[in-house]
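Biologist: I am new to this structure and would like to learn how to read it with care. Could we take one feature at a time, beginning with how two helices meet?

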Amino acid sequence: GTMSLFRFTKSTPLGASLVKRCMSTAERRRCAVVTGSTSGIGRGIAERLARAGYNVVLNGFGNPEQIEELRSAMENDHGVDVRYHGADMSKPAEIKDLISEAATVFGGVDVLVNNAGIQVVSPIEDFPEDAYEKIIAINLSSCFYTTKYSIPHMKKHGWGRIINIASAHAKRASKFKSAYVAAKHGVAGLTKTVALEMGPHSITSNAVCPGYVLTELVEKQIPITAEARGITEEEVVQNVMLGNQPTGEFVGIEELSGLVEFLCTNEARSVNGAILSVDGGWTAQ
Ligand code: NAD
């Protein structure tokens, strides 16, 4: 298909110009929407898909100048079009606007990566109720809305990839993460249901389940978890986080984006409804 032609030829200048002409006339360049892509895992996935030749829609919070810097650097580095949409993933109306704008600008939504997520760590009896509602909205319900709104665009082109960045917590629980574990288990259920419904349409739905990745989200948890469990920060990293992962190492962002890139290929068309662990062996236990 187009994507493999692009990858094969883009290493030579002649190939690159040939591909650019082919894609601008005969075939449209596919569009990937990555939620929560201003930082961490989502940013790594967005950059990887830009490198693979997708037009990208970035989303997430942050300093507007830094976001613009990221957006224009991605365009310059990879020769694709990159847009930013600031939809708040807890607001269905804003999600609707994100998807319809992506489809208008790029002629479709071909790859949807649901990655935006937050974490709050607290014993359940003290768990702030507004934090519970927010985690369910951002980590779970947003995936329902982005998926619902993207599917008509995918069906139009007869092809689509929905990839939910869930977590090892889609399969296992940890103390003090009631809302997050509930949301991520929910994402696994949504992923499987969409896989059944979309199977006949060449649209796949899969979940990628990272173990601990050293991003802002995890860095913030270290002092909080130390406090909640009455242990040192070093003990949180070694025992609570890496203690679960037989490799004894954090998962790298490139390991996750590499799997996402593979899921977007045609060779991955039979990987559907899979809840894929990338956790150093944590959930093998
Ligand atoms: P991060 O905090 O570095 O990035 C989160 C991204 O989501 C940011 O771009 C942020 O702006 C965005 N975001 C937050 N709230 C949003 C909202 N309401 N609307 C739109 N965007 C919003 O976190 P990360 O570690 O890269 O996490 C990304 C995903 O991976 C999350 O779903 C998380 O649950 C999951 N995950 C992370 C780890 C880990 O160890 N870091 C492990 C398993 C799963």
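Modeller: Let us begin with the residues that touch, keeping in mind that this is a predicted model. On one side V218, Q221, I222, P223, T225, A226 and R229 of helix α8 take part, and on the other side they meet E233, V236, V237, V240 and M241 of helix α9. Sorted by character, the residues of this contact are eight nonpolar, two polar and two charged.

Biologist: How are two packed helices described?

Modeller: In general, one gives the angle between the two axes together with the distance between those axes. Here α8, which spans residues 216–229, and α9, which spans residues 233–241, pack at an angle of about 100°, and their axes are 9 Å apart. Angles of 65 to 115 degrees count as roughly perpendicular, and α8 and α9 are therefore roughly perpendicular to each other.

Biologist: Turning to the ligand, which of the 30 residues around it come nearest?

Modeller: Those that come nearest are T38, S39, Y180, V213 and T215. For T38, a polar side-chain atom lies 2.7 Å from an oxygen atom of the ligand.

Biologist: Where do backbone atoms come close to an oxygen atom of the ligand?

Modeller: At N115, a backbone N or O atom lies 2.8 Å from a ligand oxygen atom, and at G36 a polar backbone atom is 3.2 Å from an oxygen atom of the ligand. As for cover, the ligand taken alone exposes 830 Å², of which the protein buries 94%.

Key:
Residues are numbered from 1 along each chain as its sequence is written. This is a predicted model: local features need pLDDT of at least 70, side-chain atom pairs count only at pLDDT 80 or more; totals for chains, interfaces and linings use all residues. Side-chain values use heavy atoms; hydrogens and water are left out. Axes are lines fitted to C-alpha atoms, for helices over the stretch in contact, and angles run from 0 to 180 degrees between N-to-C directions. Helices (H or I, at least four residues) and strands (E, at least two) are DSSP runs, numbered from the N terminus. Angles under 35 degrees count as roughly parallel, over 145 as roughly antiparallel, 65 to 115 as roughly perpendicular and the rest as oblique. Contact means heavy atoms within 4.5 Å. Ala, Val, Leu, Ile, Met, Phe, Trp, Tyr, Cys and Pro count as nonpolar, Asp, Glu, Lys and Arg as charged, and the others, Gly among them, as polar. A residue is near a molecule or strand if one of its heavy atoms lies within 4 Å of it. A polar contact is a pair of N or O atoms within 3.5 Å; within protein, one must be able to donate a hydrogen and the other to accept it, and residues adjacent in sequence count only if both atoms are side-chain atoms. Accessible areas come from the Shrake-Rupley method with a 1.4 Å probe; for residues, only the protein chains shown count as cover.
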